[in-house]
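Biologist: I have not looked at this one before. Can you put it up and take me through it?

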Amino acid sequence: MTGASNRRHFTARLAAELTKRRPLAEPLCLLSLDLDHFKEINDRYGHAAGDAVLKAVTRACCETVRAGDIVARVGGEEFMVLLAGAAPAVACGVAERIRASVEALRVPINGGTTIQVTVSVGLARADQDGVSSDHLLRAAAQRLYEAKRLGRNRVAFA
């Protein structure tokens with residue numbers, strides 16, 4: 001629906017990138033994104049509006065990341081971004097640009113109404129959080145929960 005990679009494709013690419021980079025000790029970062037209060041959008045405006053928001057967020061992410069980065073929708077309103085070769089400072093910059101880009105969206109729906117949405121982001125680093133897919137995914141999820149706990153619409157990293 002969104003044109004982004006799916007969970008299966010994303011996890012395969014993550015594993016391949018980790019295997020490729022491990023002997024070279026090249027940087028790799030992972031972003032876990034979750035739209036804030038997305039259920040309320042579906043409940044208030046309907047699933048067609050929610051789908052429009054998901055498509056707009058996917059577009060915003062794809063237009064914001066670097067060439068070669070992989071954006072995937074891995075759940076209902078959950079996304080992941082694989083930043084192969086990205087040092088932590090670069091990954092933080094990409095994460096913040098995604099957050100700001102999503103916050104700036106005004107998604108038009110029927111009747112001239114527009115929906116604004118925000119996103120919380122957790123950032124994990126292979127050099128710090130482990131070299132397995134499971135370790136990176138777990139660290140990114142923990143940081144995402146931290147961003148939510150701290151008030152949403154923010155990037156959390158170690």
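Modeller: What follows is a short walk through the chain as a whole and then its strands; the model is a predicted one.

Biologist: How many helices and strands does the chain have?

Modeller: There are 6 helices and 7 strands in the chain.

Biologist: In what order do the elements run from the N terminus?

Modeller: The order is α-β-α-α-β-β-α-β-β-β-α-α-β. The radius of gyration is 15 Å, close to the 15 Å that the globule rule gives for 158 residues, so the chain is as compact as a globular protein of that length.

Biologist: And what does the C-alpha trace span along its principal axes?

Modeller: About 55 × 30 × 20 Å.

Biologist: What share of the residues count as buried?

Modeller: Of the 158 residues, 45% count as buried. As for the surface, the chain exposes about 7800 Å², and carbon and sulfur atoms supply 51% of that area.

Biologist: What about contacts between residues 24 or more positions apart?

Modeller: Such pairs account for 68% of the contacts in the chain that have a separation of 6 or more.

Biologist: Let's get to the strands. Why is strand 6 largely enclosed?

Modeller: Strand 6 covers residues 119-125, and 6 of its 7 residues are buried, so the rest of the structure largely encloses it. Buried here means under 20% relative accessible area.

Biologist: Which strands is strand 6 joined to?

Modeller: Strand 1, residues 28-35, is joined to strand 6 by 7 bridges. Strand 7, residues 155-156, is joined to strand 6 by 2 bridges.

Biologist: Parallel or antiparallel, for strand 1 and strand 6?

Modeller: Strand 1 and strand 6 run antiparallel, whereas strand 6 and strand 7 run parallel.

Biologist: Give me residues to click on. What stands opposite D34?

Modeller: D34 is opposite S120 of strand 6. For the pairing with strand 7, look at V121, which stands opposite V155.

Biologist: Different spot now. Where is there a hairpin?

Modeller: Strand 2 and strand 3 form one, with 4 residues between them. Strand 2 is residues 70-73 and strand 3 is residues 78-84; 4 bridges join the two, and they run antiparallel. In that pair V71 stands opposite V81.

Biologist: Last topic, charges. How far apart are the mean positions of the positive and negative ones?

Modeller: They are 1 Å apart, taken over 22 positive and 17 negative charges of the chain.

Definitions and conventions. Residues are numbered from 1 along each chain as its sequence is written. This is a predicted model: local features need pLDDT of at least 70, side-chain atom pairs count only at pLDDT 80 or more; totals for chains, interfaces and linings use all residues. Side-chain values use heavy atoms; hydrogens and water are left out. Buried means under 20% relative accessible area, exposed over 50%, partly exposed in between (1.4 Å probe, protein chains only). Two strands pair if DSSP finds at least two bridges between them. The radius of gyration is taken over C-alpha atoms; the globule rule is 2.2 Å times the number of residues to the power 0.38. Contact means heavy atoms within 4.5 Å. Accessible areas come from the Shrake-Rupley method with a 1.4 Å probe; for residues, only the protein chains shown count as cover. Lys and Arg count as positive and Asp and Glu as negative; His and the chain ends are not counted. The place of a charge is taken as NZ of Lys, CZ of Arg, CG of Asp or CD of Glu.
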